[in-house]
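Work through these short exercises with the structure open beside you. Try each task before reading its solution.

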Amino acid sequence: MLETATNASGRILLDLMNGRPLYLRGEEDPVYLPLRVAPMPQLRSQWRNSLNRFNTLSVLWTALHLVEEDQRILISVAQEPEQTMRWYKEALELPAWQAIVNFTPPRGRRGERFDEARAACQDYCGADSFELFLLERGIATSHGQMPQRLRRLMVEMIDQRICPITVATATLTEGVNLPFDLIFLTSLKRTSWDPVEEEQIIAPLSTAEFRNLAGRAGRPGASRGIEGLTLVALPRQISTTATASRPIQRRQLATLSTEYDQLRDALVIEERDADSVPSPLAMLLELIWDRAHRLLQVSPDDFLNWLEATAPTTVSAAAGTGATDPRARLADAMDELDGLALAAVEELQQSDTAAMSRAQIEAHLKSVWERTFSATATAQEAWLEQAFIRRGSGVVTQLYPDRAERTRLYQFGFTPVIGRRFEGVATAILAEISKAVNYGTASPEERIDVFERIGDLIKDDRGYGFRVRRTDTDERLLDRWNDVLGWCLNEPDVTPPAPDQLRSWQRFVADNLEYRLGMALGAVVAQAWSLGAADPLAIPSLSDWKATTGLPWFGFWARELLRWGTHDPFIAFCLSQGLAKTRDEGANRRADFNRWLTSAEPAPEPDAFIDPQRFLEWQRSLARKATEDKPTAQFEPRRVCRRPQLLRGRGYDEQDDEQVFT
């Protein structure tokens, strides 16, 4: 625990989180580590009136001093990262804070990588963004809504030890092995969105989230020490001097202490009950049984028969629409299970054209179950295995008996109920893609119009269409989603969001454009490939992609353009191949490619301007030209050092990232 206080240096209380304080033998007080850090300067009264702001700024003040000891530090933010970044920017603009920022961009190859990250940050977030301000001071940022290219570059800044401090949400540490010596938690609560109740919720940090985060500190092979520290920042006194705010902060102080104790108690209980591990699949089956019994009065003896034969749309006509009434939620749970069972059967049948008998289906589903975590975690619950097998058999024999339909639903990637609805709009999406034969020479506005027409086809569906939080900000973005699309694809002269609105725009892009619109485009293109390919399991190649799908090259690029944030496939290619650091740099190279193309092909068709094969040929021509332009090396007699004692040693320059003689 990092204890913070006004007009005092912080101190660290060592806690093994096992319910027993750590003491030195013969001492009465728990073990504290004093920090040799100057007290944080007095904050403005308005800032001190927020205990959360005081605590969060105390963490940054401490971190800025600890980096002098070559510590790599993660500040994990569980709530509203844009607010934390704004607080940090405003603090670092103060003279007393500026004086302790000791960051100099590296030189050499690492400096080039930093320059690229900085350029990408300005490109995707804006010159006035909090992210760029912090990056220029050696503080990397990362959150789930950040564009993928920028997120990868931020990870590189951390991994290459270029930025000593990182401010990030939990998405950074999930499944990523990053090197941190110290991890600070500014809160033990996290803000999230409940898609069922459609409201924002604030919930305690779970023990699994805490363990995952704590496991990143001092990981062997990733940081300097094997045992790192995870520090929960807690104020030990109120920060305000305002009479009206004191009672509020005292209650907040007591709440923070209680939350810490509750987390510690939960960790102790979890350690004691370590053998009791829930399985997601088992939980889904148990949820279906519980709701079928409570809502529909299905008896235990009838449950397996009911489960095998009942369609989700029979339970609720609102299945697959995101409805929140109990019957609709039961229907959606059944649809999720059907999607899993359908995928399990379809992946087997793709390699066999013969129809499977019921006995073969059940045997396959049994083998699938036996390889799942559920079989291990719920060995005592034999009925769960039977429920999975019976439902899977029912999916094939009763609910979706048409094998061709099952294949289409599998290719779409949605749950079956939603997939059936999507099938009706997939034809219209395919028609829009097929018409985009002039995309290569179209204007930016015309290109974005193509995406708008496709977006209009899906946006209103509650299953595969656009969805936002029920907040004024997000609902306004949904109303003007065309503007967000133009900003996402870098349409000229589009007004960008203000820094404090940036994350809301990024969230809309990630959730609705990259994911939902991208998934719809990908599903249609994948089906076109499968229908045209002699072997649907064959890996697509550039040479036969157009002939197999029957689509223009726009279909190949559409989803990638949403990921890279550009309307021009050439720019996406340049960014992916490292030929440009920003979208503007990629646009500046477009004229060179066009000249190369027209010289090689005097009257190219529009599709040639976005043909990935042409892009690769042009790239290879650059390498040949660089070789041809390189001056021929002149022969020079070999020099021999007559005084070898002058070559005293060979070292490594961390700053320039290169080997040097000393």
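The exercises below go from the whole chain to single residues, and the model is a predicted one.

**Exercise 1. The whole chain**

Task: Find how many helices and strands the protein chain has, and what share of its residues count as buried.

Solution.
- Step 1. Count the elements. The protein chain has 27 helices and twelve strands.
- Step 2. Turn to burial. The chain has 662 residues, and 47% of them count as buried.
- Step 3. Look at the surface. About 32900 Å² is exposed, with 49% of that supplied by carbon and sulfur atoms.
- Step 4. Check the contacts. Take those between residues at least 6 apart in sequence: 67% of them join residues at least 24 apart.

**Exercise 2. The open sheet**

Task: Give the strand order of the eight-stranded open sheet and name its edge strands.

Solution.
- Step 1. Trace the order. It reads E3-E2-E1-E10-E7-E4-E6-E5.
- Step 2. Note the pairing. It is mixed.
- Step 3. Go to the edges. Strand E3 (32-34) and strand E5 (139-142) each pair on one side only.
- Step 4. Add the twist. From one strand to the next it averages 25°.

**Exercise 3. Strand E10 and its partners**

Task: Work out how E10 is joined to E1 and to E7.

Solution.
- Step 1. Start with strand E1 (residues 2-4). Three bridges join E1 to E10, and the two run parallel. Glu 3 has Leu 234 as its bridge partner in E10.
- Step 2. Move to strand E7 (residues 182-185). Four bridges link E7 to E10 (residues 229-235), again in a parallel run.
- Step 3. Place two of the E7 residues. Leu 182 is bridged to Leu 229, and Ile 183 to Thr 230.
- Step 4. Ask about cover. Six of the seven residues of E10 are buried, so the strand is mostly covered.

**Exercise 4. Two crossing helices**

Task: Decide whether H10 is roughly parallel or roughly perpendicular to H16.

Solution.
- Step 1. Take the axes of helix H10 (residues 280-296) and helix H16 (residues 382-399). They come within 10 Å and cross at roughly 85°.
- Step 2. Classify the angle. Angles of 65 to 115 degrees count as roughly perpendicular, so H10 is roughly perpendicular to H16.
- Step 3. List the meeting residues. H10 brings Leu 281, Ala 282, Leu 285, Glu 286 and Trp 289. H16 brings Trp 383, Leu 384, Ala 387 and Phe 388.

**Exercise 5. Thr 582 in its loop**

Task: Is Thr 582 buried or exposed, and which residues does Thr 582 touch?

Solution.
- Step 1. Locate Thr 582. This residue lies in the loop between helix H25 (569-576) and helix H26 (583-600).
- Step 2. Apply the cut-off. Its relative accessible area is 10%. Buried means under 20%, so Thr 582 is buried.
- Step 3. List the contacts. Leaving out residues up to four places away in sequence, Thr 582 touches Ala 119, Ala 120, Asp 123, Arg 149 and Leu 575.
- Step 4. Compare sequence and space for Ala 120. Thr 582 and Ala 120 are 462 residues apart in sequence, yet 5.6 Å apart in space, C-alpha to C-alpha.
- Step 5. Find the polar pair. A polar atom of the Thr 582 side chain lies 3.1 Å from the backbone nitrogen of Glu 585.

**Exercise 6. Ser 316 in its loop**

Task: Is Ser 316 buried or exposed?

Solution.
- Step 1. Locate Ser 316. The loop runs between helix H12 (312-315) and helix H13 (326-349).
- Step 2. Read the area. The relative value is 9%, so Ser 316 is buried.
- Step 3. Add the contacts. Not counting residues up to four places away in sequence, Ser 316 touches Arg 327, Ala 328 and Ala 331.
- Step 4. Finish with the side chain. One of its polar atoms lies 3.1 Å from the backbone nitrogen of Ala 318.

How values were computed: Residues numbered from 1 in each chain as written. Predicted model: local features only at pLDDT ≥ 70, side-chain atom pairs only at ≥ 80, totals over all residues. Heavy atoms only, no water. Pairing = 2+ DSSP bridges. Axes fitted to C-alpha atoms, helices over the stretch in contact; angles between N-to-C directions. Buried < 20%, exposed > 50% of the residue type's maximum accessible area, 1.4 Å probe, protein only. Contact = heavy atoms within 4.5 Å. Polar contact = N/O pair within 3.5 Å; in protein donor to acceptor, adjacent residues only side chain to side chain. Areas by Shrake-Rupley, 256 points an atom, 1.4 Å probe, with all protein chains shown as cover. Parallel < 35°, antiparallel > 145°, perpendicular 65-115°, else oblique.
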